Amino acid sequence: MINRVVWLFIPVFLMYALSASAKNDITRGEQLFRAKKCAVCHPSGENILSKDHALIGKAFETRYSTDNALIAVIRQGLKSSNASMPAFDKQRLSDEELADVVAYIRTLGKKDKAATKKS
Ligand code: HEC
């Protein structure tokens, strides 16, 4: 009997733990976005140095439709105009921190934040 109760609670607990960590990722990503100075050049997801390379909008979403594409550009940096995006290697931003930053970037420009949290 006790066993059965334990087995019933495991999935409930896992679902709770997973949803809690997903929320934390975005919060941590937001803190890192400021701490690592992304926000200096990209306030509210804009791009003060290179207007066509904001982190919001249709063009951005099309260009970086997968998280891997987004991770790659942040790791490598970008110089497609007069301004350049510095590369962030693992010393500057660990894989875990980068995943959190990406989760946060995905919430930028979304009017309905509640809908974003679900994904
Ligand atoms: C010194 C200013 C600066 C900082 C700091 C900076 N960026 Fe950028 N970022 C840029 C510029 C400038 C570009 C566009 C480069 C170009 O025009 O080729 C860019 C481009 C990007 C792009 C690609 C956008 C696109 O449409 O192609 C992403 C994603 C990005 N930055 C994310 C970040 C993140 C995340 C951080 C922090 C970890 C960060 N940036 C820190 C200046 C900066």
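Helices α2 (38-41), α3 (58-63) and α4 (67-76) each supply at least two residues of the shell around the ligand. The model is predicted. The shell holds 27 residues, and the closest of them to the ligand are Cys38, Cys41, Ser50, Ser80 and Met85. The secondary structure of the chain consists of six helices and zero strands. Of the 119 residues in the chain, 12% are buried.

**Ligand shell**

- By class, the residues around the ligand divide into 16 nonpolar, seven polar and four charged.
- Cys38 and Cys41, both among the closest residues to the ligand, mark the two ends of helix α2, which spans 38-41.
- Ser50, Ser80 and Met85 complete the list of closest residues.

**Overall fold**

- Read from the N terminus, the order of elements is α-α-α-α-α-α.
- Among contacts with a separation of 6 or more, 55% join residues that are 24 or more positions apart.

**Packing of α4 against α5**

- Two packed helices are described by the angle between their axes and the distance between the axes.
- For α4 and helix α5 (residues 95-105), the angle is about 115° and the axes are 10 Å apart.
- The crossing of these two helices, α4 and α5, is right-handed.
- On the α4 side the contact is made by Asp67, Leu70, Ile71 and Ile74, and on the α5 side by Leu98, Val102 and Ile105.
- Six of the residues in this contact are nonpolar, none is polar and one is charged.
- Helix α4 thus has two roles in this briefing: it supplies residues to the ligand shell, and it packs with α5.

**Nonpolar core**

- In soluble globular proteins, nonpolar side chains tend to be buried together.
- The largest nonpolar core in the chain has nine residues, namely Leu32, Leu55, Ile74, Leu93, Leu98, Val101, Ala103, Tyr104 and Ile105.
- Helix α5 gives the most to this core, with five residues.
- Leu98 touches Ile71, Ile74 and Leu93, leaving out residues up to four places away in sequence.
- Ile74, Leu98 and Ile105 belong to the core and also take part in the contact between α4 and α5.

**Around helix α2**

- Ala39 lies in helix α2.
- Ala39 counts as partly exposed because it has 14 C-beta neighbours inside 10 Å.
- Apart from neighbours within four places in sequence, Ala39 is in contact with Phe33 and Arg34.
- Pro43 sits in the loop between α2 and α3.
- Pro43 is classed as exposed because 11 other C-beta atoms lie within 10 Å.
- Pro43 and Phe33 are 10 residues apart in sequence, and their C-alpha atoms are 9.6 Å apart in space.

**Positive phi outside glycine**

- Most residues other than glycine have a negative phi, and most peptide bonds are trans.
- Lys37 is not a glycine, yet it has a positive phi of about 70°.
- Lys37 is placed in the loop between α1 (2-35) and α2.
- With 12 other C-beta atoms within 10 Å, Lys37 is exposed, the limit for that class being 12 or fewer.
- Ser44, also not a glycine, has a positive phi of about 55°.
- Ser44 is located in the loop between α2 and α3, where Pro43 is found as well.
- Ser44 is exposed, since 10 other C-beta atoms lie within 10 Å.

Definitions and conventions: Residues are numbered from 1 along each chain as its sequence is written. This is a predicted model: local features need pLDDT of at least 70, side-chain atom pairs count only at pLDDT 80 or more; totals for chains, interfaces and linings use all residues. Helices (H or I, at least four residues) and strands (E, at least two) are DSSP runs, numbered from the N terminus. A residue is buried if 20 or more other C-beta atoms lie within 10 Å of its own, exposed if 12 or fewer, and partly exposed in between; C-beta atoms are placed from the backbone. Two residues are in contact if their C-beta atoms, placed from the backbone, lie within 7 Å. A residue is near a molecule or strand if its C-beta atom, placed from the backbone, lies within 6 Å of it. Ala, Val, Leu, Ile, Met, Phe, Trp, Tyr, Cys and Pro count as nonpolar, Asp, Glu, Lys and Arg as charged, and the others, Gly among them, as polar. Axes are lines fitted to C-alpha atoms, for helices over the stretch in contact, and angles run from 0 to 180 degrees between N-to-C directions. A crossing is left-handed if the near helix is turned anticlockwise from the far one by less than a right angle, and right-handed if clockwise. A nonpolar core is a set of buried Ala, Val, Leu, Ile, Met, Phe, Trp, Tyr and Cys residues joined through C-beta atoms within 7 Å.
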